[in-house]
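This report describes selected computed features of one molecular structure, with attention to its pockets, one helix and one loop residue.

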Amino acid sequence: MKPFAVITGDLEHSRRYAGNDLQMVLQRLEQLLISIKGRYGCDFVMFRGDSFQMAIPDVTVSAEICLSIRLWLKNANKPLTADARLAVGMGVGKITYPIEQSNSEAFILSGQGLDHMKPAKLAWFCSDDQFQQRTQLLTRFADAHLSQLTARQSMVLWHYLAATDKAHQSLADQLSTSRVNITQVLNAAGYDLIESYQAHMQHELARWASHD
């Protein structure tokens, strides 16, 4: 019996996409989820046309994954710019397969959380009130900040958080722009705040996992 996390998500305003745009957004999302699956050993399923669920064996990386998903969706050019609501449920147990048939605590909290989290787009759900008290307000600020980022800011920030070498010049070389431009975009995106939020959540998630 181990602690694990489940993300249940759905695309915002999916009915507004015209023609094949929704399918292209979903293809981009699936591309990222496949990459996350390979890196972290997660499993995922997409359903109802605009929704998905991912089981994460290592609960401590769930914040990193959530940030990656939202920034990835937001960094596309119009009309493919998107965003998603992400509800993270945490619990102790065993991930059963296929995951769409699982009914353990983490899956239930995640699914129910998504149904009741509006207008928020990012939230964690667990039975530990102290964890919620330590993280809930910061998550609301981070959520609001992410929602205001432009596509360009989201793109540069996504690459920054994913990079092993976080030197601005290295990122500039990768994205074929100048170091000055990268620094300006990252500063405008409040990258230091998002990076600190990710580190804080990783610490709190590890703390929760060690006590459960």
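What volume does the largest pocket have? The largest pocket has a volume of about 260 Å³. Of its 15 lining residues, Leu32, Arg39, Ser68, Trp158 and Ala162 are the closest to its centre. Two or more lining residues are given by each of α1 (21–40), α2 (62–74) and α5 (151–162).

The model is predicted, with local features requiring pLDDT of at least 70 and side-chain atom pairs pLDDT 80 or more, while totals for chains, interfaces and linings use all residues. Residues are numbered from 1 along each chain as its sequence is written, and side-chain values use heavy atoms, without hydrogens and water.

A pocket is an open set of points on a 1 Å grid over the protein atoms alone, where a 1.4 Å probe fits, with protein on both sides within 12 Å along at least five of seven lines; lining residues have an atom within 4 Å of a point. Its volume is the space filled by probe spheres set on the points, which are joined across faces, edges and corners.

| Pocket | Volume | Largest share of lining | Lining by class |
|---|---|---|---|
| Largest | about 260 Å³ | α1, six residues | nine nonpolar, four polar, two charged |
| Second largest | about 160 Å³ | α8, five residues | six nonpolar, three polar, no charged |

Here Ala, Val, Leu, Ile, Met, Phe, Trp, Tyr, Cys and Pro count as nonpolar, Asp, Glu, Lys and Arg as charged, and the others, Gly among them, as polar. The second largest pocket is lined by Leu138, Phe141, Ala142, His145, Leu193, Ile194, Ser196, Tyr197 and His200. Both α4 (129–147) and α8 give two or more residues to this lining.

Helices are DSSP runs of H or I with at least four residues, and strands are runs of E with at least two, numbered from the N terminus. Helix α8 comprises 21 residues (191–211), and at 1.5 Å a residue, taken times one less than the number of residues, it should span 30 Å; its end C-alpha atoms are 31 Å apart, which agrees. Buried residues (under 20% relative accessible area, with exposed over 50%, 1.4 Å probe, protein chains only) in α8 include Ile194, Tyr197, Met201 and Trp208. The buried residues of α8 fall within an arc of 155 degrees, so they line one face of the helix; the arc is taken over directions from the helix axis to the C-beta atoms. Ser210 and His211 are exposed on the face turned away from the buried side.

Serine 102 lies in the loop between β4 (84–93) and α3 (105–116). Its relative accessible area is 12%, so serine 102 is buried.
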